[in-house]
Structure formats: C-alpha cells, structure tokens
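Reader: I'd like a close look at one small turn in this protein, and then at whatever it connects to. Could you walk me through it in plain words?

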Amino acid sequence: MVKLQKPEFVYMGGRLRSWDDAVLHIGCEAVTRGLSVFEGLKGYWGVDSRFRIVEMRRHYERLQRSARLLHIPFDTPFERYEAAIYDLAGALLGPDRDMWFRTSLYAIEGHWGEGTAADLVVTAYHTDKVVPEAVNIGVSTWRRSVDLALPARIKTGTNYQVARLARIEGRPRGWDDMVLLNQEGRVAEGTGSCVLMVRDQTVYTPPATEGALESITLDVVESLATSLGIRFVRRPIDRTELLIADELGMCGTLAEVTLVRSIDGFELPRRTAILQALQTSYFNAVRAVAPCPSLELFLPPSTADTRSMAVHGIARANPNTD
Ligand code: PMP
C-alpha cells in the first residue's frame, strides 16, 4: 500500500498547483455526494533507465466509461490527459523511486445530474522499486454491492466505502488486505485488486460480472499466463475454494502481482510456482526487461523536457501571476 504522502504539486484546473492550493468547495457534488471517478496508474523505471507509464490509454478509456455511467461529462482528449500526467511527473519524479498516479474527475458544478461539470485532477505519489512481499488476507463480512445499486464496474470513490470498512475489519487481526464476497457469497475481488486462485495448475479469477472491477492488470496477467503456457480461466469462485487453493494472489495496478501467504488464518501450501512465475514476468514486462507485446507502455518526454514544462506550469500556477 502507498503510504500517505503530501507531494509538492498537484495538477488541478488545467495546471500545476501546490498541494495546499488543491482544494474543492464544500458545496460541490464531489464533496456532498462523493461524486468522482478516478483511475490509478503506475509508472516504472525500466532496466534501461527510462520511465514508462503502464496502459495509459486503457486507463483513460475506463475513466471515460466510469464518467459516462455516472453522467459526468468528460470531453478531455487523450492527448490532454496524457500531457497532464507528464506535467506532474516532470515536477515530482526522481530517479530513485517509481510513481503511482491518481487521475480523478471531481464534480465541481451541478446539482442532481443537471449542469454537471468536472475537473481533471492528477496527484502522484512515490513508490519503492520493490517486488511486493507476500500478504496475509481475510474474507470480509462486508459485501460488494450489486450492479443495480453501486456497480463495481464504475471506478468511483464512493465504491471504496465498503473496501474501507473491510480493511478496518481486518486490521486488528493483522490482515493486510481483504476479499469481498458478492451478494451471493461468491468471491468478488480484493479491496483494490482482483483475486487470483491456482488449483490443479490452472489460474482462476472471477469474471467482472461477479462484482469485480474490469481490471486492466488482469488482462495483462492473462496474456502473460498464456505466453507461459499456463491455463487461465475466468469463472465464479466459491468462498471455500479460497481455503483449499494451491496458491492465491492479488493483482492490480498498485497490487501488481502479490502472493498471498495465508487467508483467514489458514497458511497456504508453500507452493507458489505458478503465481511466482507470473509475478516475475509481470515485473519483467513493466520494467521493459522482456517486452510483452500485449502491454502498452507510455514514455513521457525526457525528464529534462518535462522538468522545464513543469517549471513553466508552476510559474503559471503562482497566484500572483494568475
Ligand atoms: N478491483 C478494485 C476494487 C480496484 O480498486 C482495482 C485497482 N484499480 C482493481 C480491482 C484492479 O484493477 P486494475 O488492474 O485496472 O488496476
């Protein structure tokens, strides 16, 4: 999990601002009804010392879909979305750490669906260049909402209320993450990731229709599995299957491919060969060790270029020159 940070700059209202200046009015729907949609994107330094952002276009397209489902107008072209991310990367990126970007649309104008207008906000946080450690997880008593109430397919901030409750539930037991079941009691997903289960040499994951976000990382992992000759199947998963699985893992932009050590206090068998292989090939792909044809990586303009763009942006963001 990324530790809470207060980076120096934020992209908001079409330009870079200082963290303290990035505020929303208490009267806007983003605050009163939690009306926002967002995407988390990861950027990695490659073995060739170049920084690349993973699947930016697919994240943009999912943001568009989330916005459409919540009737939030979003007509920013991809090139402006991309430039906003590069602008902030240019201001904050250093050579020693990777970055996680959060691109959000906050409803800043409108009332009950009339006259809605949203602002594209980008925040970015530093992450360590490490492979995640194996985690202990639990199954939450909180459930994923149904498609007719709060669709898991929409990546909106309010969808994470239940994830927050689940994490609060698991914390006293020392669990790092929680699995949310759907209303039928089958596996939906983690609080911020998808579930991977290995049984009899096959990787299983629930389809999005079981109450999971339509994950971009999952598609990457599926294509890596296929190229390694590992069977990958999307089908519903019962709760008890988690307890007798050969291997368990979580995957997502921020979770990357994380192995699970125990679930509900049950230690998993110490065989992790399949998910370990997928974890290695995931990191080889995102760090451009072994390029993966089905993974699209975006190279920002050279760090020197973005840094000068950022300085320009910050100058414009100075309230005295506005
Ligand atoms: N489910 C939830 C609830 C998530 O927050 C995430 C992270 N975005 C995922 C699944 C994985 O999605 P992705 O691979 O696109 O990051």
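Author: Let's start with Asp-200, which sits in the loop between strand 10 and strand 11. Keep in mind that this is a predicted model. Gln-201 is found in that loop between strand 10 and strand 11 too. The loop belongs to a hairpin with 2 residues between the strands.

What is the phi of Asp-200? It is positive, about 50 degrees, although Asp-200 is not a glycine. Gln-201 also has a positive phi, about 70 degrees, and Gln-201 is not a glycine either. For background, most residues other than glycine have a negative phi.

Buried or exposed, then, for Asp-200? Asp-200 has a relative accessible area of 64%, and because the cut-off for exposed is over 50%, Asp-200 counts as exposed. Gln-201, at 60% relative accessibility, counts as exposed as well.

Now for the strands on either side of the turn. Strand 10 covers residues 194–199 and strand 11 covers residues 202–205. The two run antiparallel and are joined by 3 bridges. One pair to look for on your screen is Arg-199, whose bridge partner in strand 11 is Thr-202.

While the two loop residues are exposed, strand 10 itself is mostly covered, with 5 of its 6 residues buried. Strand 10 also pairs with strand 13, in the antiparallel sense, over 5 bridges. Two places let you trace that pairing: Val-195 stands opposite Met-250 in strand 13, and the bridge partner of Leu-196 in strand 13 is Gly-249.

Strand 13, residues 247–252, is mostly covered too: 6 of its 6 residues are buried. In a regular strand the side chains alternate between the two faces of the sheet. Here Glu-247, Gly-249 and Cys-251 point one way from strand 13, whereas Leu-248, Met-250 and Gly-252 point the other way, and all of them are buried.

From strand 13 you can carry on to strand 14, residues 256–263. These two strands pair in the antiparallel sense over 4 bridges, and a hairpin of 3 residues joins them. Gly-249 turns up again here, standing opposite Leu-259 in strand 14. So that you can place Gly-249 in the picture, it is the bridge partner of Leu-196 in strand 13 and buried, by the under 20% cut-off.

The hairpin between strand 13 and strand 14 also leads to a bit of empty space. Thr-253 is one of the residues lining the largest cavity. A search of the whole structure finds 1 cavity of 30 Å³ or more, and about 60 Å³ of space lies in the largest cavity. Besides Thr-253, its lining includes Lys-42, Tyr-44, His-59, Ile-216 and Tyr-282. By class, the lining residues divide into 5 nonpolar, 3 polar and 2 charged. Strand 3 (36–45) and helix 5 (216–227) are the elements that give two or more residues to this lining, and the largest share, 3 residues, comes from helix 5.

Two of those lining residues, His-59 and Tyr-282, take you into helices. His-59 is among the buried residues of helix 2, along with Met-56, Tyr-60, Arg-62, Leu-63, Ser-66 and Ala-67. Seen down the axis of helix 2, the buried residues fall within an arc of 165 degrees, so they line one face of the helix. Helix 2 runs over residues 56–69 and reaches 20 Å from its first C-alpha to its last, close to the 20 Å expected at 1.5 Å a residue.

Tyr-282 belongs to helix 7, where the buried residues also include Ile-274, Leu-278, Phe-283 and Val-286. Helix 7, residues 273–286, has 14 residues and likewise reaches 20 Å between its first and last C-alpha, close to the 20 Å expected. After helix 7 comes Ala-288, whose phi is positive, near 55 degrees. That brings us back to the theme of the turn we began with, where Asp-200 has a positive phi of about 50 degrees.

Definitions and conventions
Residues are numbered from 1 along each chain as its sequence is written. This is a predicted model: local features need pLDDT of at least 70, side-chain atom pairs count only at pLDDT 80 or more; totals for chains, interfaces and linings use all residues. Side-chain values use heavy atoms; hydrogens and water are left out. Buried means under 20% relative accessible area, exposed over 50%, partly exposed in between (1.4 Å probe, protein chains only). Two strands pair if DSSP finds at least two bridges between them. The expected span of a helix is 1.5 Å times one less than its number of residues. The arc is that of the directions from the helix axis to the C-beta atoms. On a 1 Å grid over the protein atoms alone, a cavity is a set of points where a 1.4 Å probe fits but cannot get out, and a pocket is an open set with protein on both sides within 12 Å along at least five of seven lines; lining residues have an atom within 4 Å of a point. Grid points are joined across faces, edges and corners, and a volume is the space filled by probe spheres set on the points. Ala, Val, Leu, Ile, Met, Phe, Trp, Tyr, Cys and Pro count as nonpolar, Asp, Glu, Lys and Arg as charged, and the others, Gly among them, as polar.
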